[in-house]
Amino acid sequence: MKQKLILLCLFSLIQFSLFAQNGIIIYKQKDAPIEARIKDLMSKMTLKEKILQLNQYIGGYNNNANNIAELIRTIPPEIGSLIYFDADPVWRNSIQKKAMEESRLGIPILFGFDVIHGYRTVYPVSLAQACSWNPELVTQAAAIAAKEAKLSGIDLAFSPMLDVARDGRWGRVTEGYGEDPYTNAVFGVATVKGYQGKDLSDPYSIAACLKHYVGYSRSEGGRDYHSSEISRQSLWETYLVPFEACVKAGAASVMSAFNDISGVPASANHYTLTQVLKDQWKFDGFVVSDWGALTKLIAQGVAKDKKEAGLKAFNAGVDMDMYDNIYFEYLEELLNEKKISMVKIDDAVSRVLRVKFRLGLFDNPYTEIVSEHDRYLHPESKIIAQKLAAESMVLLKNNSKTLPIKSSVKQIALIGPIAKDTANIIGGWEGHGKSADVESIYEGMVKEFGKNVVLNYAKGCDFDSTDESGFREAVLAAAKSDLILVCVGEKLRWTGENASRSTLALPAIQEKLVFELKKTGKPIVLILSNGRPIELIRLEPQVDAIVEMWQPGICGGTALAQILSGKINPSGKLSITFPLTTGQIPIYYDMRQSGEPNSGKYQDIPTDPQYWFGHGLSYTTFEYGAIKLSSEKIKKTEKLIAQVEVSNTGDVAGRETVLWYISDPACSISRPMKELKYFEKKELARGEKLVFRFEIDPERDLSYTDENGNRILESGDFYVIINNQKTKFEIIE
Ligand code: NOJ
């Protein structure tokens, strides 16, 4: 079989070199192998044409407050890529036409955009998506986002963000999949699959761009753009993990980050960009710098001017320069000075062209024109949005079964700045999402509870102010109601880029509103909508139940209302730990083992967080049987099956996710207390028992990485852990 394939490849290469000799232009031949097309095209390109492929300019109206740019009015038709902020396929096609018809070789432009959690049909923020523990649903959502984006003229999405984030003060915590490397890997791969489909050249596939490579989330104190102190050990153990998984899943491109990694900026880091990504992982797509990351090398203190910044980034392995125009200005000069090599330019250009060929852009450069109505917000897309919103929401507390709301409740006070909000619950980086598409909590409640329940609405207060004049109306609404739903949280720009906060607490006015409502003596359900973990030390004791609804996108209203009514049994579990106070940061479930686990505690507050990673309640109860192992001892090359029977012992059907961890109590290095290695979510009818199963592959699940990325598997004792159970087994030589 292998031999036949090699022969076939050889045959097509010979065939296409004959074509070349016969004057047929190979790079324009749809059926020619991509590598032959690249080779042919490169042989025809001038140095200027090559260098232009390595630049990304800006096109369309730009509404990103952090990345405001002078729009390029005269776009060179030979430009490699554009960030396309608008959503008009006709405009895109007119620019593409220039590239195809006015440039000498007709190389299509690659149009990129920040598609983060949906394009027009906006889904929950990524941090929330991971709380669903449903990667298949995330793939479906990403595929819809890809289709909406593609029909608007986008070929490349600047996501998934794979920054493993353990500091909620960092505003960008919302854009990734939480604190755990494995969870980031699974949801990153799910997103890549959704965007890229079976094949990049499928009509509605777009290229993924893994970002921010690497270590950006580790910025000190959660201050955006700041320095990151990361040892090689942690780099491999934590920060590189999801990138490696997504590169292996075939992600088309990677974005180099703003931060430095222990003194060497990520966008000038030869080790991470070339040695690891390109040499070790054999990544053959392209690396684009983050916006202005090259110029930032000057401020970071590693380049004296733009030219040196370009030199460092290029030689480190950044193939395309986003926005800075430094490559356009200096690469030729640097080549003439022999500071960079032609081989490296050719390598970078071939990487960019490879992605364009893979996307089928040379063969289908234009966007199909369909009406906005046909492009966006299909009913099926909204069903996925609502499902994902519901599965992402986490029931954090439910004392005395306050939820679901009982039929005896006839009047509900719906209070708080989030209750009727449609501008913020969509979440930051909302793509082309519109507040007008967003269903508010109020609307969802009206739909779900209809005439059976009276809703007494009062805003109470703003997100952040000192104006308490709305409290009176809120208290009056609460006093005549049987139950209070108080909806508090964050504005959408309180998370995202350049949106760090010194505390995870909500502004004092929102906390005060809850204290005032507490005085009525009515049961309180706290609804949270936010993009980071919130400090709940003061609020938690005031309320009977808490639902974390996150920033659910456009279809959160009904999703929440159906959780409150009991039509949907909540099944979300946290993808990030909620510290008790901001002072506990960093706190995450896979911290390394301490020398004195029972000492070293805080004197002023408990040492445990408010809610650990993985916390999430249900309206039913699940009982776990004992973990059963297929063997207590296995060889390094054998597999071990761990199983547990879970029973739904409550009154309603529900979904349970079993999170399987391992721990290695004695190893050559001190490893995390436990590491998530697998999870599975299943629906269990009332009274049903199901077996959950984890096949442990020692090489994959029990080995650790050293500081060079080598995986080492040691023999000895290990534990497999679920909930509060742990069971020992042994690996023998
Ligand atoms: C800067 C952000 O850091 C990055 O995440 C984004 O993709 C680019 N700007 C493009 O908008």
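This report describes selected sheets, helices and one loop residue of the structure shown above, which is a predicted model.

**The parallel sheet**

Eight strands form an open sheet whose order is 9-6-5-4-3-2-1-10, and the pairing within this sheet is parallel. The edges are taken by strand 9 (286-289) and strand 10 (321-322), each of which has a single partner strand, so one side of each is left without a neighbour in the sheet. At one of these edges, strand 6 (residues 253-256) is joined to strand 9 by four bridges, the two strands running parallel, and here S253 stands opposite F286 of strand 9. Helix 10 (residues 270-280) lies across strand 5 (207-213), strand 6 and strand 9, and its direction is at about 140° to strand 5.

**A pair of helices**

Helix 7 (residues 181-196) packs with helix 9 (residues 241-248) at an angle of about 30°, and the axes of the two helices are 8 Å apart. Angles under 35 degrees count as roughly parallel, and helix 7 and helix 9 are therefore roughly parallel to each other. The crossing in which helix 7 passes helix 9 is right-handed. On the side of helix 7 the contact is made by P181, N184, A185, G188, V189 and V192, while helix 9 contributes V241, P242, A245 and C246. Sorted by character, the residues of this contact comprise eight nonpolar, two polar and no charged.

**Strand 16 and its partners**

Which residues of strand 16 (residues 545-548) are buried on each of its two sides? A545 and V547 are buried on one side, I546 and E548 are buried on the other, and both faces of the strand are thus covered. In a regular strand the side chains alternate between the two faces of the sheet. Strand 16 pairs with strand 11 (residues 394-398) in the antiparallel sense and with strand 15 in the parallel sense. I546 takes part in both pairings, since it is the bridge partner of K397 and also stands opposite L526. The table sets out these two pairings beside two others from the sheets of this report.

| Strands | Sense | Bridges |
|---|---|---|
| Strand 11 and strand 16 | antiparallel | four bridges |
| Strand 15 and strand 16 | parallel | four bridges |
| Strand 6 and strand 9 | parallel | four bridges |
| Strand 19 and strand 27 | parallel | three bridges |

Strand 15 (524-529) also belongs to what covers the buried residues of helix 19, together with strand 12 (411-415), helix 18 (471-479) and strand 14 (483-489), among others. The buried residues of helix 19 (residues 508-518) are I509, Q510, E511, L513, V514 and L517.

**A residue in the loop**

Between strand 15 and strand 16 runs a loop that holds I537. Is I537 buried or partly exposed? With a relative accessibility of 26%, I537 counts as partly exposed, because buried means under 20% and exposed over 50%. Leaving aside residues up to four places away in sequence, I537 touches L580, T581, I605 and Q610. I537 and P579 are 42 residues apart in sequence, yet their C-alpha atoms are 8.8 Å apart in space.

**The mixed sheet**

Another open sheet is formed by five strands in the order 19-27-26-21-22, with mixed pairing. Strand 19 (633-635) and strand 22 (675-684) stand at its edges with a single partner strand each, so one side of each is left without a neighbour in the sheet. From one strand to the next the twist averages 25°. Strand 19 runs parallel to strand 27 (residues 725-732), and K635 has I732 of strand 27 as its bridge partner.

Note on methods
Residues numbered from 1 in each chain as written. Predicted model: local features only at pLDDT ≥ 70, side-chain atom pairs only at ≥ 80, totals over all residues. Heavy atoms only, no water. Buried < 20%, exposed > 50% of the residue type's maximum accessible area, 1.4 Å probe, protein only. Contact = heavy atoms within 4.5 Å. Axes fitted to C-alpha atoms, helices over the stretch in contact; angles between N-to-C directions. Parallel < 35°, antiparallel > 145°, perpendicular 65-115°, else oblique. Left-handed = near helix turned anticlockwise from the far one by under 90°. Nonpolar A, V, L, I, M, F, W, Y, C, P; charged D, E, K, R; others polar. Pairing = 2+ DSSP bridges.
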